[in-house]
Each structure stands twice: as structure tokens, then as C-alpha cells.
Amino acid sequence: MFRRPVSMSAMALGLALSVGLRAAEQAPAAPAQPPAGQAPAGPPPQPGAHGEPPPPPRPAGGQEEAPRFPAHQRPPASQEMLERGKAQYAGICSACHGADARGGQLGGPNLLRSQLVLDDKDGELIIPVVQNGRPGPPPMPPLPVAVDDVKAIAAWLHSLQAQGTNQGGPPPGPETELNILVGDAKAGEAFFATQCASCHSATGDLQGLATRVASPMALQNMWVSGGVARPRGARRAGPPPASKPIVATVTLASGEKVSGRLARLDDFLVTLVLEDSTTRTIPRKGAIPKIEVQDPLAKHRELLGVLTNANMHDVTAFLSTLK
């Protein structure tokens, strides 16, 4: 079958069209021209440092960008409720979760990043955790806190989240050191004698304690949590001094006993770190297997359910005299 020969002029025309189309695709688009008599709005947006698209333009009229996170969209609680929640949190929660809710010496989680706190609206998710506790480590004991007080604490936590620059970010502003030496040292000494003297001694392991702790607030956080005192002026770089680990002994149905450092304990599993640094996970079903936990800080955690603000200030005032 024969094909009709292609003329040289047709080939030249096709080549010219092809070159022209490629040049049009590769050439940068010309900026849009403003209507006659109108000044340009400004230089075109520049791409980011790594070639990412430029940020979207700000809304006209000086309006701020709408909040992006649910924590920034909640309506604020009343000032009275926020003050009540802040006071309740300081007395009940700060030892575990920190004065700014970003974690404390007892190992409590950062509440500003807690998904449960972020999802909570009016305390409905926080109330069961406070009143029923949670397994650990570190375990959270059930706390006899009134529902209205938990709601106030939840409102205060939400107010901190709303002040953060992003999801889980800390609220702005410098840290402030409060004067908490407002208790009665004599009453603190009496409380210490009944609640603490079985494990500690003012003339033994706690002698000179006030000279080893940087501030009264750090001292209060330390004794409530059962933490280890840093020497005064010690640098914060590096890990904190090691505390005694929680150990457990698991007795299996066969009578075999397995002991080690407790790494995990919940309603379904118990995990131990053995002497050779290997881990062993054992399933749980009700009370089987039998588990005996030796927690050096158990007494401190039990105190969390009965300590009052007055107790904490009194004991701190007493411990501040141990120099």
C-alpha cells in the first residue's frame, strides 16, 4: 500500500508549531495587569524558602485568621469558675501534672497535649478519671473530688489550652515564682510525725533538706511527689537523679514466681523487666495471676487522696526549717 509523500513545506510548518508550543509551556506566565488607572496591589507572593507554595493572603480589613483548633474555639468560662478551677488544680493535681499542666515529678502526663482533655467539653471525660483513678505506672488513685470542682478544673485546663499558640502549646508569659511559705511549721511537724515519720526522719535522711532544694515551691513538689532533691544550684541539664523503681512479683497458676521491675500493669497485662534486661508480659484475668507490687512511693500516692492545701503548706513550712 502506498502513502502520499509529505511535502517539505508541511514538515517545516509542523516543526515550527511544535517549537512554538513547547516555548509557550516553558515560559513563565506574565503577571496579571491591573485595570487602567489602578495601582498594582503589590509584589506578587514569593514562594517559601524550600519551594513550598506561598502562604494564603490575610483577610482584608485587618481581620485575624479564624481559630484552627477546637481548643481555641471553646467559649471562655466565667472568671469565677477559672479562679476556682486554678485553686483546685493547684491543691489536687499540680504535684502529678505540674503547676502549668505540662507534667510533674510524679510522672503525670502533660494535660495540655492529652487527647482526653482536648476532647472533653465540660468535664464529662475528666470526671470519671478523677473519681475512679487509672492503672499505671504511675497509677492515678481515685480522688474524692466533687463534680463541680472537677468541672472547674476542666474549665481552667481548657483556658490554658486556648492560650497556647498551637495544639498542645504552652500558654504565653514568663514563669512566676510564688511565695508558698504561708503554712504553720508546728502543725506541719505534727502532720509529719503521724504520716511520714515511719519512713523519714528530720535528723536522718531529711537533715539539711532545705539547703539542698532550690526553692520552697520545688521543695513542696518534691515531698508531695516523693521525688529526689537536687543540690541547690545544680544544673538542670541531664536526667534527674534516679529514684527507686517499682518492682512486682507475679505468682503464676503453676506456682512459679516471676519478679522484676514493673513496666506495665493494666486490667489485661502485666509486663516485668527481668534482671537480664529482657521483658516478660503475662496476661491477666481477674485476680489471676497474683501480683504483689512494692512501690516505694505508694505512701505518697495514698496521701494525695487526703492531703489538703493547709496540710501541704504546713509540711512545707516545717521542711523549710531543716537546714
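This is a short tour of the sheet in this predicted model, with a stop at the stretches where confidence drops.

**Stop 1: the whole sheet.** Select strands β1 to β5 and show them as a cartoon. You should see an open sheet of five strands, running in the order β4-β3-β2-β1-β5, with antiparallel pairing. Its edges are β4 and β5, each of which pairs on one side only. Turn the view a little and look for the twist, which averages 40° from one strand to the next. If you switch on backbone hydrogen bonds, remember that these are what strands of a sheet pair through.

**Stop 2: the β4 edge.** Now select residues 269–273 (β3) and 279–283 (β4). Five bridges hold this antiparallel pair. Which residue of β4 is the bridge partner of L272? Click on R280: that's the one. Then step into the hairpin between the two strands, where five residues lie between β3 and β4. Pick S277 there and check its phi, which is positive, near 75°.

**Stop 3: the β5 edge.** Jump to the other edge strand, β5, at residues 290–294, and add β1, residues 247–251. These two are also antiparallel, joined by five bridges. For a pair to zoom in on, take A248 and its bridge partner in β5, V293.

**Stop 4: colour by pLDDT.** Across the chain the mean is 77, with 68% of residues at 70 or more. Select 15–31 next: pLDDT stays under 50 there, and the model has zero contacts for this stretch beyond four places in sequence. Residues 47–62 are also below 50, with five contacts beyond near neighbours in sequence. Where pLDDT is low, don't read the predicted coordinates in detail.

Key: Residues are numbered from 1 along each chain as its sequence is written. This is a predicted model: local features need pLDDT of at least 70, side-chain atom pairs count only at pLDDT 80 or more; totals for chains, interfaces and linings use all residues. Side-chain values use heavy atoms; hydrogens and water are left out. Two strands pair if DSSP finds at least two bridges between them. Helices (H or I, at least four residues) and strands (E, at least two) are DSSP runs, numbered from the N terminus. Axes are lines fitted to C-alpha atoms, for helices over the stretch in contact, and angles run from 0 to 180 degrees between N-to-C directions. pLDDT is the predictor's confidence in each residue, from 0 to 100. Contact means heavy atoms within 4.5 Å.
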